[in-house]
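Reader: I have a two-chain model open and would like to go through the terms used for it. Could you take them with me one by one?

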Amino acid sequence: MKKILPMRFGILFALSKQKNPMSDIEIMKLIEEDYKGEGQFKETIVFGHLTALCASGLISESSTSLIGESDLSTSYVISDSGRERLKYLPASLRS
Amino acid sequence: MDSNVANANGVANKIEIIKEQKKLKYAKTGLLYGALSGAFWGLDGVLLGVALALVPFTDSNYAVYVAPLVGACMHDGFAAFWLFLYNLFTGRARELLRSVSTKPGMIVCLAALFGGPLAMSGYLMGIQFAGSAYTMSITAMYPALGTIFAMIFLKERVSVRAWAGIVTCIIGSLIVGYTPPSGDAYPHFYLGIAFALIPTLGWALEGVISTYVMDLLDPAVAINIRQGTSFVVYFFAIMPLIAGFVLFKDAFIVKSGTVLLVTALSGSISYLFWYRAMNMTGVGRAMTLNITYALWSIVFGVFITDLKLNAYLITGAVVITVGALLVVANPKELLNLRK
């Protein structure tokens, strides 16, 4: 049975496997399989996790684009600090 | 060509403005959580005093530290229950279960040990052997210790002005908690001082460890794990040591149990907001805004109990308010929490 991580950790792990920056919407699609159907799988909560990960320095913003008049779409990459935290991954997910 | 360049620059500027607005909103929300955590903890403290003044906690057959420890056990148990309901209704129930089984989840359990049973037991023993004035004065230093730990281990940035706010709030708490020496003898005074250092260190460590872990865990889930762990350790390790089960059972089934249930609702809100504030604004500011509970306990004490204002309370309240304003004065400092 696939080990599913807590969502914030899962986002970091998902980003660690990407070669290129991923936008917030792309990240949601990336983790959808693991968290779909849960009440916490909403844009506000997922984007909140991304903001928190960025504020803590575990991921960094790669680029930002304007959507409409006042919305932004931001792309993220994992940082060195973020990679360092992958040491807390369960053995089954470490490759 | 020139108009395209100008247009691109205009869009880039707009993006930067919106980005900064969003980050500032995030920072200010964190500060609000910190301030509210202090308010709800002030209310919690007043209600806890009401609960512990009810039967059976007033039964003098028990040693003086038994009632507060049983009360703390029930409080953390009820708080874990309220937080579980919150996580259940916000779709985080499965998140809670999967978080407990991870290494970060286990680290939260360690933080719970420091901040829960260890700190509270040390706090009560400190009061027992050195008196409440000295114990509260020493434990009021915990935000300063927590901030130092956060700067060292989490590489948090803390400005000079924020430090001034932290120190000012601590001074305000000392003034509020000051009790003129009454001449009572404490034969084990230095033992009490040693005990008082335990919660100072415990709450500081809890804050830093939990903040480290919340880089990977949702704060609502982290605090639920913390309260649950604290209750389990209280119930299975502390209660047998102090023979507290009889009092626990008696308090559970009467009015004091209901008051504690309501008190723990305020406590769980405070803890949830404290953990969110630490995650969003850093340990130093969150802890400092949290100790404004000394101010709020005065406000709620005046309305709910027969607390009478005196010069120390008013002066301390003013000093705490000034300190809190220094801490929150420039949210722009919070746009990057760590070096």
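Author: Gladly; here is a short exchange about chain A and its interface with chain B. This is a predicted model, where local features need pLDDT of at least 70 and side-chain atom pairs pLDDT 80 or more, while totals for chains, interfaces and linings use all residues. Residues are numbered from 1 along each chain as its sequence is written, chains are lettered from A in the order in which they are written, and side-chain values use heavy atoms, without hydrogens and water.

Reader: Why is chain A called as compact as a globular protein of its length?

Author: Its radius of gyration is 13 Å, close to the 12 Å that the globule rule gives for 95 residues, so chain A earns that description. The radius is taken over C-alpha atoms, and the rule is 2.2 Å times the number of residues to the power 0.38.

Reader: What makes the meeting of A:E38 and B:R98 a salt bridge?

Author: The term asks for a side-chain nitrogen of Lys or Arg within 4 Å of a carboxyl oxygen of Asp or Glu. Here the N to O distance is 2.4 Å, so the pair qualifies. The count between the two chains is five salt bridges.

Reader: How do you know which residues of chain B are in contact with chain A?

Author: Contact means heavy atoms within 4.5 Å. By that test, 30 residues of chain B touch 33 residues of chain A. The area buried between them (accessible area lost on being put together, 1.4 Å probe, summed over both) is about 2800 Å², with 54% from carbon and sulfur atoms.

How values were computed: Buried area = accessible area lost by both parts, 1.4 Å probe.
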